[in-house]
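Visitor: Please take a close look at one part of this structure: its salt bridges. I would like the pairs placed in the chain around them.

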Amino acid sequence: MSSEASTEVLPLLPIKEMVLMVHMEHPVVVGRARSIAAVEAALAGEEKTLVVVAQRDSAVDAPSQQDLYAIGTRALIRKMERRSNGGISISLRGLERVQIEDVDSTNPYQQARFKVVPLPSDQSSEVEALHRDVLEQARQVEELMTSDWPKGLLVQMLESLRDPLDHVFVLASLLRLDVKKQQAIHEANSRLQALRLIHDYLNHEIQVLTIQQEIANQAASNVSQEQRQYMLRKQMAAIQKELGEQNPEQAEVEELRQKLEERNLPEAAQKVADRELDRLERLPPAAQDYQLIRGYLELVAELPWSKSTEDNLDLGHARAILDQDHFDLAEVKERIIEHLAVRKLNPRSRGAILCFVGGPGVGKTSLGQSIARALGREFERIAMGGLHDESELRGHRRTYIGAMPGRIIQAIRNKGVNNPLLLLDEIDKLGRDYRGDPSAALMEILDPSQNVEFRDNYLDLPFDLSRVFFVATANTLDTIPRPLLDRMEVLRLSGYTEEEKVQIARRYLVPRQLKEVNLSEEKVRMSDAVLEQIVRRYTREAGVRELNRQVARVVRKLAVRFAEGNDEPVSVEPSQLPDLLGPERFFVEKLRQETVPGITTGLAWTEAGGDVLFVEAVLMPGGKGLTLTGQLGEVMKESAQAAQSYIWSQADNLGISRDKLQSNGIHVHVPAGAIPKDGPSAGVTMATSMLSLYLDKPVRSDTAMTGEITLAGLVLPVGGVKEKALAARRTGITRVILPKDNVKDLSEIDETIRREIEFVPVTNLKEVFRAAF
């Protein structure tokens with residue numbers, strides 16, 4: 001330290017956000033390079049002192065003299081520790097007040113030229129009175145403080161000091177004053193001025209603390225009765241647990257309460273849950289309602305009110321999953337990708353409910369599983385077949401014994417997320433009786449504008465179903481109510497060609513069945529010829545369910561050989577199939593070659609896909625009228641009557657004698673007699689069969705037909721053309737007569753089938769007869 005005419009020079013330490021008062025101790029963290037150098041220079045000196053001064057603006061990183069206050073403090077460095085980040089931590093004690101004359105910034109650290117400014121020592125009655133008032137204010141502040149500051153400590157600190165300025169400096173350091181106010185006290189020229197400043201600051205602090213206490217008291221008084229009861233229950237449960245007095249019923253209630261708290265229930269659900277919990281606590285375990293309320297609360301606690309899975313909307317990933325799980329079905333796959341693309345672009349979009357329609361075994365349910373796998377959603381199947389009670393979907397009211405939530409809420413509860421993919425399987429087989437109409441309940445469930453607040457009768461709380469991905473399946477649309485069908489987008493799965501079935505068996509069915517018996521494809525080999533023989537001679541279906549069963553039979557019989565110790569690889573040949581599967585079940589070729597007058601091949605649509613229908617007609621000499629057998633429905637009976645009326649009306653033009661018509665009755669039979677049949681598609685087939693009988697001319701054996709007729713002889717369009725074409729190809733038919741208005745439907749048929757089958761469009765029965773004979 002050097003001196004020059006009452007001035008001295010010491011290292012300078014600028015500090016932020018505080019003022020170091022005389023006789024006060026304060027820790028300071030030093031991080032700036034110049035400040036660290038100043039501290040190290042001070043420590044190298046004999047007295048270990050430096051000048052500490054507050055910055056006017058804490059944002060300035062390299063302050064000059066203009067950025068510093070003129071009055072600072074000469075301070076002693078009592079302690080120093082180095083920090084891991086390169087900074088240092090020091091403890092300073094203020095020694096005396098100084099006025100900075102000049103700041104030298106040329107060295108690695110700043111130096112201050114200063115002179116000492118003695119503290120004021122004025123004394124008067126006003127100073128004494130103000131001093132006492134300040135001490136009283138300090139006591140009030142301590143009483144009002146709500147922090148962890150120990151009560152009485154502040155007063156104790158003040159009583160240990162005598163000088164009024166020391167009292168002022170202590171209070172200024174402890175109160176949350178900004179730098180400007182602290183500096184004003186530090187620069188005060190008299191005790192009276194310093195006491196007045198701190199008096200004003202204390203008065204303001206007392207007002208603020210008083211208002212805070214009033215707000216806190218008001219908030220405490222607003223705590224609801226439920227919250228106070230909650231705190232008391234927590235305390236009571238803790239006491240009982242400590243004493244070992246908690247009974248199982250109380251433990252269950254507390255566990256339920258904890259689960260409900262963790263679920264973050266909506267406000268309406270939380271209100272009902274709290275009310276039911278209060279009821280449960282007041283009931284003895286033997287009470288009738290105890291288990292009912294408990295079961296209800298468990299449902300509320302287990303429902304995923306806000307838990308969901310994140311959708312994977314990568315379209316490439318979705319395509320890969322669909323292609324991996326299903327062969328062909330290009331149109332259906334593309335529509336699914338479009339559906340996912342819309343969800344990707346607008347997650348809040350209310351897309352249509354997809355409904356897959358097709359025969360058994362065509363892949364409707366597995367498509368739903370693939371969509372769930374592609375999206376990364378949970379999958380749950382709900383069987384709708386035979387469902388005849390509306391409460392199965394909406395739930396039963398809790399007033400009934402054995403009441404349960406509906407299947408929708410149960411499925412969501414089981415999956416644990418509020419956005420699963422729910423497959424409503426066999427929606428066309430819904431029942432209806434005096435207990436309600438399930439299809440009406442489904443209209444609310446599937447309508448995006450209504451299911452946002454779906455209210456299950458058992459739950460009796462609004463639950464959001466808008467995030468659930470609903471997919472429906474059906475074999476036919478005829479039995480689905482129109483209003484319900486209007487809420488769904490129909491995607492048809494017509495069935496598979498023989499080639500497609502062989503590929504499905506090769507890629508999916510055979511590997512799956514071999515895996516079931518733990519055999520590799522090297523051990524068992526099935527050629528395409530074998531699979532083709534199974535498809536043609538042992539199955540007759542639109543899908544591949546029966547094909548899967550036949551493949552499983554072959555694999556099981558081969559598994560017996562391996563289980564008996566034969567480890568040689570087996571290659572199945574077509575000639576071995578009768579030994580493995582028994583006699584061939586279908587001989588379509590022979591049936592077609594044996595056609596006689598009166599027998600006509602028709603094409604029909606069934607829930608299992610397309611099928612071939614043989615219509616047989618015989619004359620009954622001496623008989624009268626028309627006899628129909630084969631479990632025909634009303635529509636088919638009317639078609640037969642229309643066919644007979646047309647032939648009678650056009651007998652002369654068709655070359656039929658009136659005597660033959662009047663002296664013979666006619667009997668029309670449609671095998672198989674045990675299977676109910678209905679629909680308008682057999683009109684042309686029945687008319688052709690009757691004409692063949694009257695003219696004694698057989699119909700072409702390679703020809704099948706379909707179409708509805710009128711009394712005027714017009715041929716009207718029918719549905720299911722693709723399915724009927726597949727059935728014709730399965731049976732080896734090469735010509736199909738169909739209504740001209742159905743030619744547009746041929747674009748849906750595979751090009752291979754269109755090349756193999758000749759489609760003959762007709763507009764009236766005369767054209768049908770010319771093509772048939």
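Guide: The answer starts with the whole chain and then turns to the salt bridges.

This is a predicted model, in which local features need pLDDT of at least 70 and side-chain atom pairs count only at pLDDT 80 or more, while totals for chains, interfaces and linings use all residues. Residues are numbered from 1 along each chain as its sequence is written, and side-chain values use heavy atoms, with hydrogens and water left out.

The protein chain holds 29 helices and 25 strands. These are DSSP runs, numbered from the N terminus: helices are H or I with at least four residues, strands are E with at least two. The radius of gyration of the protein chain is 47 Å, well over the 28 Å that the globule rule gives for 773 residues, so the chain is more spread out than a compact globule. That radius is taken over C-alpha atoms, and the rule is 2.2 Å times the number of residues to the power 0.38. Along the principal axes, the C-alpha atoms fill a box of roughly 150 × 65 × 65 Å. One pair of residues illustrates the spacing: Gly-655 and Glu-281 are 93 Å apart in space, C-alpha to C-alpha, and 374 residues apart in sequence.

Buried residues make up 47% of the 773. Buried means under 20% relative accessible area, exposed over 50%, and partly exposed in between (1.4 Å probe, protein chains only). Contacts (heavy atoms within 4.5 Å) often span the sequence. Among those between residues at least 6 apart, 72% join residues at least 24 apart.

Now the charges. The protein chain has 98 positive and 114 negative side chains. Lys and Arg count as positive, Asp and Glu as negative; His and the chain ends are not counted. The centres of the two sets lie 4 Å apart, with each charge placed at NZ of Lys, CZ of Arg, CG of Asp or CD of Glu.

A salt bridge is a side-chain nitrogen of Lys or Arg within 4 Å of a carboxyl oxygen of Asp or Glu. By this rule the count is 41.

Take Glu-444 and Arg-394. Their side chains meet in a salt bridge at 2.6 Å, N to O. The pair links distant parts of the chain, 50 residues apart: Glu-444 is in helix H16 (residues 438–446), Arg-394 in helix H14 (residues 391–394). Both residues are buried.

Next come Arg-487 and Asp-447, bridged at 3.5 Å, N to O. This pair also links distant parts of the chain, 40 residues apart. Arg-487 sits in the loop between helix H17 (482–485) and strand E14 (488–493). Asp-447 sits in the loop between H16 and strand E11 (454–455). Arg-487 counts as partly exposed at 26% relative accessibility. Asp-447 counts as buried at 14%.

Glu-546 pairs with Arg-585, with the closest N and O atoms 3.2 Å apart. These two are 39 residues apart and again link distant parts of the chain. Glu-546 lies in helix H20 (residues 545–563). Arg-585 lies in the loop between helix H21 (577–581) and helix H22 (588–593). Glu-546 is buried, at 17% relative accessible area. Arg-585 is partly exposed, at 45%.

Salt bridges also join up beyond pairs. Arg-275, Glu-276, Arg-279 and Asp-289 are linked in a network of them.
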